[in-house]
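Got your viewer open? Let's take a walk through this one, stop by stop.

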Amino acid sequence: MAQPFSTDPQVLTGLPVAIDPDEVLRFQGYKKAVDTPSPEVLALFDEALALGRTLIAPRAVVRWLRVSRADSDIIEAGGVVLTIPGVDRLWGPVEWLAAAVCTIGDELERRVAELWGARELPLAAMLDSVGSGAVESLAEYVNDLLCQRAIPFGLPVTNRVSPGYGHWDVSEQKALFAICPGDSIGVGLNEACFMTPVKSISLLAAAGARARVDHYFSQCARCWMRDCAYRRTPATRTVHR
Ligand code: SF4
């Protein structure tokens with residue numbers, strides 16, 4: 001079989017982003033099915049969403065690499081060792097690693113800073129949450145793209161993991177950026193291993209014939225790839241486009 005993936009970094013631009021109101025309100029501290037936002041809050045959300053849409057520039061860089069070593073807490077690819085606690089249990093046997101960096105750019109966070117400076121605090125906070133919802137949506141979309149790319153080769157794709165979440169140390173950003181630098185899309189790392197622009201997400205997923213993907217039904221249910229021939233369950237309302 002032909003090699004399924006190019007191992008060169010690929011820059012993706014013009015990506016779709018769907019901003020889920022429930023997700024944005026969750027960033028604002030609302031709990032779905034418990035809290036009912038007031039009409040004023042919903043109007044503020046509409047205002048922040050309209051403004052946010054003019055300020056986001058979604059883009060991503062993705063790189064596939066063949067896994068050269070996999071142990072209980074170790075994945076090695078491209079000459080870089082990543083230490084991810086429990087990765088073996090989480091992903092099962094994997095043959096390919098996909099690293100990605102996604103961002104919506106820095107215009108939205110600059111506008112948030114201006115609004116804070118002008119003491120327009122409710123709109124500043126809501127716009128910041130819109131940005132968080134947008135970059136989450138972008139990371140989901142990239143995860144779906146990885147799946148769509150790999151599954152025709154009989155390689156199911158795992159869920160994504162990100163440095164600084166769960167048990168994976170944020171200092172591992174350096175290893176992820178060594179595999180997949182963010183500079184081609186304007187994303188850098190500071191000394192504390194946080195990304196700039198702030199509304200950026202770095203992620204890893206993996207693919208393998210026997211990769212552990214028992215989450216697949218929920219993944220397909222919310223996947224953006226409406227016409228995917230490998231879909232295991234119908235898309236629910238969260239498939240935006
Ligand atoms: S519909 Fe399911 S199998 Fe198809 S790309 Fe999406 S997550 Fe993967």
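The tour goes from the cores to the charged pairs.

Before you click, note that this is a predicted model, where local features need pLDDT of at least 70, side-chain atom pairs count only at pLDDT 80 or more, and totals for chains, interfaces and linings use all residues. Residues are numbered from 1 along each chain as its sequence is written, and side-chain values use heavy atoms, leaving out hydrogens and water.

**Stop 1: the cores.** Select Ile19, Trp64, Met126, Leu146 and Val157: these have the most contacts inside the largest nonpolar core, which has 49 residues. (A nonpolar core is a set of buried Ala, Val, Leu, Ile, Met, Phe, Trp, Tyr and Cys residues joined through side-chain atoms within 4.5 Å; buried means under 20% relative accessible area, exposed over 50%, partly exposed in between, with a 1.4 Å probe and protein chains only.) Now colour α5 (121–150), a helix (a DSSP run of H or I, at least four residues, numbered from the N terminus). With 14 residues, α5 gives the most to this core. Apart from that core lies another of 27 residues, including Val87 and Trp91.

**Stop 2: the charged pairs.** How many salt bridges does a search of the whole structure find? There are 7, each a side-chain nitrogen of Lys or Arg within 4 Å of a carboxyl oxygen of Asp or Glu. Pick glutamate 136 and arginine 160, whose side chains pair at 3.2 Å, N to O. This pair links distant parts of the chain, 24 residues apart. Finish with Arg69, Asp71 and Glu76, joined into one network by salt bridges that share partners. Within that trio, glutamate 76 meets arginine 69 at 3.1 Å, N to O.

Note on methods
Helices (H or I, at least four residues) and strands (E, at least two) are DSSP runs, numbered from the N terminus.
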